[in-house]
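Q: I would like a close look at one part of this model, please. Pick a stretch where the surroundings matter, and then lead me outward from it.

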Number of protein chains: 2
Amino acid sequence: MIIDCHGHFTTAPKELQAFRDEQIEGLKHSGQPRTKRSLAITDDQLREAVQPQLKFQNDRGTDVTIFSPRASAMAHHIGDLTTSTHWSEHCNDLIHRVCELFPRNFVGVCQLPQTPGVTPDTSVAELKRCVTELGFVGCNLNPDPSGGHWNAPPLTDRYWYTFYEAMVDLDVPAMVHVSASCNPSFHATGAHYINADTTAFMQFIQADLFKDLPALRMIIPHGGGGVPYHWGRYRGLAQDMKRPLLADMIRNNVFFDTCVYHQAGIDLLTKIVPVDNILFGSEMVGAVRGIDPETGQYYDDTKRYIDAAPTLTAADRHKIFEANARRVYPRINAKL
Amino acid sequence: MIIDCHGHFTTAPKELQAFRDEQIEGLKHSGQPRTKRSLAITDDQLREAVQPQLKFQNDRGTDVTIFSPRASAMAHHIGDLTTSTHWSEHCNDLIHRVCELFPRNFVGVCQLPQTPGVTPDTSVAELKRCVTELGFVGCNLNPDPSGGHWNAPPLTDRYWYTFYEAMVDLDVPAMVHVSASCNPSFHATGAHYINADTTAFMQFIQADLFKDLPALRMIIPHGGGGVPYHWGRYRGLAQDMKRPLLADMIRNNVFFDTCVYHQAGIDLLTKIVPVDNILFGSEMVGAVRGIDPETGQYYDDTKRYIDAAPTLTAADRHKIFEANARRVYPRINAKL
């Protein structure tokens, strides 16, 4: 079985965006009541909407996608807690419906109603609802709800601990995933995403988060941002700072996905990072949609790169494709 | 000859920091006159201060270091234009003195008196002074003078063009190099530096900067941040955005140094990025000062990794160690 830990519903029916547009328009009229109307989306529309993902699963030989709302559309910087709550609930409910329609193909991960300047404690209720009522197996946690201004405390700050304790209680991990950038310095998928991954990892090096919460599990997407390429730098910084060895720090707590879109990148990742800490992911249908003229294959068909990575054994590939995901997202075992 | 394009004067005599401390203290007393007093640093003190760099050059078999003030101490976010002007002049004058004392070992690159919210046009005078009077061959340009708040326009914005035109007129390149982070989210050398490198490269993809200024040359340090590891992502994003091929975009304009502190990282860099766009650099004495227990060698002894990189020919190494630097920093030729 091949579990893709990183897929977003980037192809949702247009009625979802219509709601969002209304919501954003409503923010311009402060007196207006804040309504979360229902979305008129049929099951047939949802079946149609996920055909691209189903086709890619079939064509590429993967089985199940850990599926979450479109990351760039979370846009926690827009509006306030009510805005993000309504928007997250709708997005998560649609993911749930897709998972119900295709229970063999999709398992849900939720968006959180984060808002700049508001404690993440306010996201606990939606996490609980999604896990206990909708059967989700994890969440996407935005380390920068401001969308590129980075004014939230580091992920190692106690600011986040109540939320983390809820994750531990529910036995679900978080993927550390930013959303759209409203900072013109940062292209979303080309800079903000990769920067956030790198930033989060360095924050983890600097503090004792995983000593405080040994059951907390974080997935850093996009192959760990710039970290594996700079593994020597991070080993050296940790050493100079008298922090634990990276391999010890990440062992039970930090995992990288394989959303790295060329063979040499995957070769480095799989050579350098312990295989127990790598989860197969493709981010499809996502940031890069084209076909690589150098290979004739989709850039984001990351299974091919794993299949071809020279340092991996069959046992390693089994861990990356399946066993690690079952360990990091234990609630998935009841689903498969 | 081996030219290290990335060295900072991180070991300056304590009198330099004493001036800076006074300057920062002075900012608390707004009525106080802003004086740039002279620094009482002797030539013997400077000779002593650069012994670590000279020893590493000797031990590692490198010849000359393109030498600039300590990057993390530029701290453009502190004070105002007067603060940064006084501070930059002192730092650059010390670099000049080191280069005069050891003309075979060091060639100067300047810090700029950038200040948040102030046009970079105000840095032209110091660039000209350093190049025409002090014999410097380049500059360090901070894309985020705010120190982690990223509120300056992208490097491709016309905001920077007058400064770029001065660079072109003087025929000097810039290394895109941020300084200290005053944002608790970003560790300076472990996150802010790498993020800035990644961010700058994505900005270059998005705009026509090098069409507008075909003679402008930028070095992205720290091995290009997260870019080479994600080369497929960037090729794919450029393709989806109908932007030029990366190899074409960077050819005469964008260069990566080799400040990547492990063999697998350098192997990826030298395999993926055209060798004409790679400049040898070590960042010594810099971000990572320890010895790698896995190799018994300094993490930042990057010459060893280049020597061992399997895809490089002798001609490639000559380009990386010397020829490319002579092309990117043409004023160095009169010095060597």
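A: Happy to. Two terms first: a residue is buried when its relative accessible area is under 20%, and contact means heavy atoms within 4.5 Å. Please keep in mind that this is a predicted model.

Let us start at helix α9 of chain B, which spans residues 231-240. This helix is mostly covered, with eight of its ten residues buried. Reading along the helix, the buried residues are B:Trp231, B:Gly232, B:Arg233, B:Tyr234, B:Arg235, B:Gly236, B:Leu237 and B:Ala238. The cover over these buried residues comes from both chains: it includes α7 (188-206) and β9 (291-292) of chain A, along with α7 (188-206), α10 (246-250), β7 (254-257) and α11 (263-272) of chain B. Just beyond the end of α9(B), B:Lys242 has a positive phi of about 55 degrees.

Since α7 of chain B is part of that cover, it is a good place to go next. B:Gln203 sits in this helix. Its relative accessibility is 3%, so B:Gln203 counts as buried. Leaving out residues up to four places away in sequence, B:Gln203 touches B:Pro154, B:Leu155 and B:Thr156 of chain B and A:Ser185 of chain A. For a sense of scale, B:Gln203 and B:Asp80 lie 27 Å apart from C-alpha to C-alpha, with a separation of 123 residues in sequence.

The cover of α9(B) also includes β9 of chain A, and the loop that runs between β8 (278-279) and β9 of chain A holds A:Val285. A cis peptide bond links A:Met284 to A:Val285, with omega about -10 degrees. In chain B, the peptide bond from B:Met284 to B:Val285 is cis, with omega near -10 degrees, and B:Val285 lies in the loop between β8 (278-279) and β9 (291-292) of that chain. B:Glu283 is placed in the loop between β8 and β9 of chain B. Its phi is positive, near 65 degrees, in a residue other than glycine. With a relative accessibility of 2%, B:Glu283 counts as buried.

Stepping back to the interior, the largest nonpolar core has 186 residues, and those that touch the most other members are A:Tyr164, A:Phe201, B:Tyr164 and B:Phe201. Take A:Tyr164: setting aside residues up to four places away in sequence, it touches A:Leu141, A:Leu155, A:Leu209, A:Leu213, A:Leu216 and A:Met218. A:Tyr164 is one of the buried residues of helix α6 (residues 161-170) of chain A, the others being A:Tyr161, A:Phe163, A:Ala166, A:Met167 and A:Leu170. These buried residues of α6(A) pack against α5, β4 (138-141), β5 (174-176), α8 (209-212) and β6 (218-220) of chain A. After α6(A) comes A:Asp171, with a positive phi near 60 degrees.

From α5 of chain A, named in that packing, we can move on to a helix pair. Helix α4 (residues 81-101) of chain A packs with helix α5 (residues 124-133) of chain A at an angle of about 15 degrees, their axes being 11 Å apart. Angles under 35 degrees count as roughly parallel, and α4(A) and α5(A) are therefore roughly parallel to each other. The crossing of α4(A) past α5(A) is right-handed. On the α4(A) side, A:Ser88, A:Glu89, A:Asn92 and A:Asp93 meet A:Glu126, A:Arg129 and A:Cys130 of α5(A). By class, that contact has four charged residues, two polar ones and one nonpolar one.

Finally, look at A:Leu101, which is in α4 of chain A. It has a relative accessible area of 22%, so A:Leu101 is partly exposed. Apart from neighbours within four places in sequence, A:Leu101 is in contact with A:Asp43, A:Leu46 and A:Arg47. A:Leu101 and A:Asp44 are 57 residues apart in sequence and 9.7 Å apart in space, C-alpha to C-alpha. In the loop between β2 (64-69) and α4 of chain A you will find A:Ala75. A:Ala75 is not a glycine, yet it has a positive phi of about 40 degrees. Its relative accessible area is 7%, which means A:Ala75 is buried.

Key. Residues are numbered from 1 along each chain as its sequence is written. Chains are lettered from A and ligands numbered from 1 in the order in which they are written. This is a predicted model: local features need pLDDT of at least 70, side-chain atom pairs count only at pLDDT 80 or more; totals for chains, interfaces and linings use all residues. Side-chain values use heavy atoms; hydrogens and water are left out. Axes are lines fitted to C-alpha atoms, for helices over the stretch in contact, and angles run from 0 to 180 degrees between N-to-C directions. Helices (H or I, at least four residues) and strands (E, at least two) are DSSP runs, numbered from the N terminus. Angles under 35 degrees count as roughly parallel, over 145 as roughly antiparallel, 65 to 115 as roughly perpendicular and the rest as oblique. A crossing is left-handed if the near helix is turned anticlockwise from the far one by less than a right angle, and right-handed if clockwise. Ala, Val, Leu, Ile, Met, Phe, Trp, Tyr, Cys and Pro count as nonpolar, Asp, Glu, Lys and Arg as charged, and the others, Gly among them, as polar. A nonpolar core is a set of buried Ala, Val, Leu, Ile, Met, Phe, Trp, Tyr and Cys residues joined through side-chain atoms within 4.5 Å. Buried means under 20% relative accessible area, exposed over 50%, partly exposed in between (1.4 Å probe, protein chains only).
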